[in-house]
Amino acid sequence: MKVAVTGTGITKFGELWDKSFANLAEEAAGRAVVESTVEPQKIDAVFCANMLSGNLSGQNHLGALITSILNINSPAYTIEAACASGGVAANLAYQAILSGSIKNALIIGVEKMTDYSTAEVATGLMGAAAEDERDAALTFPGLYAIMANAHMEKYKTTKKHMAAVAVKNHRHGSLNENAQYQNLITIEKVLESAPVATPLNLFDCSPITDGAAAIILSAVEDSSKKVTIAASSVATDKVGLAKRKSITELLATKIASQNAYQMAGISEGDVDVAEVHDCFTIAEILAMEDLGFCKKGDGGKFVSSGITEIGAKKPTNTSGGLKACGHPVGATGIKQIIEITKQLKGEAGKRQVKGAKIGLTHNVGGSGATAAIHILRI
Amino acid sequence: MIHSPSTIWRQSKNIPDEVGKNGKIVSFTRIFAAPKGFEQQVPYYTGIIKFEDGTAKPLEIIDANENSIKIGAKVKTVIRRIGLSEPEELIRYGPKARLLK
Amino acid sequence: MTGIISYGTYIPYLRLKVEDIASFWSKDAQEIKKNLGIYQKSVASADEDSITMAAEAAIQAIERANISPTQLEAIVVGSESHPYSVKPSSTIVGEILGVGNIYQALDTEFACKAATAALELIAGITKSKNIYGLVIGSDTAQSRPGDPLEYTAASGAAAFILNSKDSIANIYAFTSYSSNTPDFWRRDGQKYPSHGGRFTGEPAYFHHVESAANQLLSKLKARPSDFNYAVFHMPNSKFPTQVAKKLGFTSKQIEAGFIIKDIGNPYSASSLIGLAKVLDIAKPNQKIFVCSYGSGAGSDAFAIETTPKITAFQKAAQNNVQNQLDKTKYCDYAHYLKIVKSRNYHL
């Protein structure tokens, strides 16, 4: 028995003031149900991924909210692991199916962020960090900036290396009709944008976004021509940066990815296409190293070389990543799985990676306290 | 964010052990977009400090500028106000890392 | 007689020049400097207040005293800028210092003499109960932008630990002169103080300082020349210089403790920082005359004699008053206003 992605549904990502949480959920879930041909009544469980709804809008109890929209009575769960909520939700659903207790699961990530002020959202996002980090007046960009400064000091990574991540992801985003930003940018534009938390400028940071993404995972006996999950792995590390062994790597990513490669029986070289968690440009550089795509410390040069562009050897973030596609927190991990699914099925249109057979998604919570890795194959 | 009396009371008990400690900057950043309660300080430095006793903690770094702040610089913790409390709230006091010259 | 076993001061490093304030209000800085003998003032950062400065001064005093904070059994914080109207600064400072729970805690308020008044009270308790007492004068002085007080309203703190054993100096006489003189006041709920202009001179500062000082000299059957040093409250350069002359003290005697030119007037910490500066350099068995002034009004006059133990104390003491006066960085008026607004944004 294998677990296959039998349906996907995604909304546009962006500043969607005319769409409510429920509107977005209905749109994504509806599309997934239609594509999968699994009727709502056949959904055995709903897993809803979200981080900020309770904090920003006062709405909790989201699992039941989704089943209400689908008009079903199945069990429903809400999963929160900061920005890794989507990946972690998929991991739970995958385990539930593997256990044999359910056959079809809807995993949906929804986030409404643009109804609120930047300060409110920034403060809410710091809920993913440690209390003493909040007391030290830190922000999310600040936490990754601290890692960036340490990486620059230790490995001579430069601001230009980081800018190359944003430029590439915008190039990919320009090919994605659902992406929040579809414009091309240059290294100069990134370097000249306003400082947010040194060395990170505005264009080093993923935006605030509304959006929803849903998949249906099903137990299948015949997996031919279907995209199946070869591995689903979650690992955690200390919530606060100060307590970690190293601030120039994400240990949770290393552990989860090594477990995933083992589960799938592959090595990092076998990954044809990847969606990684570029909440900030430095995060993608760290991911290249932590996932084993390149040697420790070489992440900057790796990205700058162009090797992670569509058409090159290690296409990464073909969706535009978090930077260009947008980052509706709870939805991102699911969006990544949808993007890889489309790539493996040959349905990625202008973003298609030729002959992609094995794909990887990398979804991180907070400054690296949670990492969820999925390996998909067709 | 409202810091309740009991939260502040519980946290203040640690203050004597957190003030007057010597340490070094592990890494830092200068923040230009602040969270609620810290907007009036922008721009400001914050980072991770490793203390002589081996422990590490995130702390605001004060009395620093572009030329003086760097990884490895020595700091000493002092007591300061943390953030901006609302008029009817309690004042929050806590440690910050003062850059030593 | 009560002993001082240690002291500490905290003076913020930022300074604002009289020129920067005056030019903004189109006033003549040279006239102000000439008439009042004031040049610059210390400015506390936005995240500092009377409590944080009091704690820093006390931490220095405790370090130098070589005692455990838990040995302190009485703490008084005197200020006219206590952060709370209701909630004692002394217990917050006590907790920051780690004194435990066995202590008497009190806040005092009497304009610029809030702490010297406490000195006499705590001197009494430490003597009668044989305990260690801590008295701190600390202020982030407020003034209305554009008001003459703005040129001198400064920030700073001084802490003194009292106990008779192993003292580095002894307070051997103390007297006070008080009256209901309304020279300077601030009503509850008001943001800035008001004052009586020239009325703050003769009937206020001069009358009370002269009265208390003469009272003390008479009580001791002493003359000004019996003292090596004299410290008077310093609201500007003119007043303490004139009152010293009137009383028969020389300009040489008041020189060592003269801090107004460097940091302005840190209110409750003014005469105490001046005293600390004298103690930083005084030799054993020297006599110091101190007279504070607090509007509203009153003066505390007391006489101190150093002991032979002061030499070792001075050798071991780090970051003394002169060091703190020298460690400066200038800010401009806009930066100063940003700090004041930030510290008091809700007022």
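User: How many helices and strands are in chain A?
Analyst: Chain A has 14 helices and 11 strands. Those are DSSP runs, numbered from the N terminus: H or I of at least four residues for helices, E of at least two for strands.

User: How does the radius of gyration of chain A sit against the globule rule?
Analyst: It is 19 Å, close to the 21 Å the rule gives for 378 residues, so chain A is as compact as a globular protein of that length. The radius is taken over C-alpha atoms, and the rule is 2.2 Å times the number of residues to the power 0.38.

User: Is this predicted, and how are things numbered?
Analyst: This is a predicted model: local features need pLDDT of at least 70, side-chain atom pairs need 80 or more, and totals for chains, interfaces and linings use all residues. Residues count from 1 along each chain as its sequence is written, with chains lettered from A and ligands numbered from 1 in written order.

User: What share of chain A is buried?
Analyst: 66% of its 378 residues. Buried means 20 or more other C-beta atoms, placed from the backbone, within 10 Å of the residue's own.

User: Switching to the B–C contact. How many residues from each chain?
Analyst: Chain B gives 14 and chain C gives 18. Contact means C-beta atoms, placed from the backbone, within 7 Å.

User: Which element supplies the largest share on the chain B side?
Analyst: β4(B), with 4 residues.

Technical notes: Buried ≥ 20, exposed ≤ 12 C-beta atoms within 10 Å, placed from the backbone. Contact = placed C-beta atoms within 7 Å.
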